[in-house]
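I opened this notebook to record what I looked up in the structure, one topic at a time. The entries follow the order in which I went through them.

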Amino acid sequence: MSRGAVGGGPLGMRVTIVGCSGSYPGPDSPASCYLVEAEDHERTWRILLDCGNGAIGALHRYADPLTIDAVFLSHLHADHCLDLCGYYVMRKYHPDGPQPRIPVWGPTGTADRMAKAYDLPLDPGMHEEFDFREHAPGAALEVGPFTVTAVAVNHPVEAYGLRVEAGGRVLAYTGDTAACPGLDRLADGAHLLLAEASFRDSDDNPPDIHLTGRECGDVAVRGQVQRMVLTHVAPWHDPQVALREARTTYDGPLALAVPGAVHVV
């Protein structure tokens with residue numbers, strides 16, 4: 001089992017926590033980025049779920065970034081997408097020469113947003129390095145052994161949760177969201193729910209932005225989720241609070257995301 005692996009059962013997917021800090025990189029972690037790997041009869045396939053600030057540098061610890069087959073962005077806030085700029089530089093200027101284009105799925109306008117982030121003209125922008133595609137909610141997309149479905153969720157910008165299936169196993173990643181019907185569809189029957197827990201129940205939180213630990217637990221219970229990992233806790237919060245809150249409603253296997261941990265789904 002890989003370094004820091006957690007969990008057991010059939011080897012459908014391996015999920016490595018590359019970055020899990022919420023809102024901005026923290027003292028111990030980059031912002032959101034999750035490496036998902038699965039085997040087929042030929043090779044190991046690798047996708048990234050989000051690519052937030054600081055993620056590409058940390059990714060080198062767990063996989064060669066040039067072996068990534070596709071990137072899926074949940075939304076276009078900097079802590080979920082900004083290191084695509086560094087990845088663009090790596091793929092364009094690598095000493096071995098420009099690398100083949102790989103698909104990047106994201107919300108409407110992802111290609112232009114990333115070009116502006118690196119102060120590039122929109123044409124060609126990053127189109128020579130990435131094959132930008134926009135999420136089609138509910139459509140099942142296939143990349144090697146993976147089937148990925150984007151589910152619209154509730155956040156101040158266009159945002160999606162990502163449901164990833166391989167080898168008969170299901171990973172549900174919330175991205176950033178408040179409680180909403182899409183979140184329940186996303187989590188339904190998941191073997192692992194990777195859930196953001198940015199807010200605390202004890203605070204007067206603004207509506208329609210993020211989840212508390214207790215709300216994550218509620219989603220896991222309704223979806224009969226087998227295991228849950230809490231992520232995206234901001235550096236100004238104690239992650240143990242999120243864990244305690246989730247435990248008030250969910251009594252299944254529960255952990256906090258930490259960089260380098262590998263969860264076998």
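**Backbone entries.** Before reading any accessibility value I wrote down the cut-offs: a residue counts as buried under 20% relative accessible area, as exposed over 50%, and as partly exposed in between. I also noted that I am working with a predicted model.

I looked up Q224 and found a positive phi of about 50 degrees, although Q224 is not a glycine. I placed Q224 in the loop between helix 6 (213-222) and strand 13 (228-231). Is Q224 buried or exposed? Its relative accessibility is 68%, and because exposed means over 50%, I entered Q224 as exposed.

I then turned to D50, which has a positive phi of about 70 degrees and is likewise not a glycine. D50 sits in the loop that runs between strand 4 (44-49) and helix 1 (55-59). With 0% relative accessibility, D50 falls under the 20% cut-off, and I therefore entered D50 as buried.

My last backbone check was on the peptide bond that joins D123 and P124, which is cis in this model, with omega at about 10 degrees. I located P124 in the loop between helix 4 (110-117) and strand 7 (130-134).

**Core entries.** I started from the expectation that in soluble globular proteins nonpolar side chains tend to be buried together. Which residues have the most contacts inside the largest nonpolar core? I found V71, L84, Y87 and F130, in a core of 30 residues. I listed the elements that give two or more residues to this core as strand 3 (33-39), helix 1, helix 3 (84-93), strand 6 (102-106), helix 4 and strand 7. Helix 3 gives the most, with five residues.

I followed L84 further and, leaving aside its neighbours within four places in sequence, I found L84 in contact with C51, V71, L73, V104, M114, M126, F130 and F132. Apart from this core I recorded another one, of 29 residues, including Y34, I47, V164 and Y173.

**Pocket entries.** I looked up the largest pocket last, and noted that about 310 Å³ of space lies in it. Its lining is made up of 18 residues, of which C20, S29, V233, P239 and A257 are the closest to the pocket centre. What is the lining of the largest pocket by class? I entered 11 nonpolar, six polar and one charged residues.

Methods. Residues numbered from 1 in each chain as written. Predicted model: local features only at pLDDT ≥ 70, side-chain atom pairs only at ≥ 80, totals over all residues. Heavy atoms only, no water. 1 Å grid on protein atoms, 1.4 Å probe; cavity = no way out; pocket = protein on both sides within 12 Å on 5 of 7 lines; lining within 4 Å. Points joined across faces, edges and corners; volume = space filled by probe spheres on them. Nonpolar A, V, L, I, M, F, W, Y, C, P; charged D, E, K, R; others polar. Helix = DSSP H or I, 4+ residues; strand = E, 2+ residues; numbered from the N terminus. Buried < 20%, exposed > 50% of the residue type's maximum accessible area, 1.4 Å probe, protein only. Core = buried A, V, L, I, M, F, W, Y, C linked by side-chain atoms within 4.5 Å. Contact = heavy atoms within 4.5 Å.
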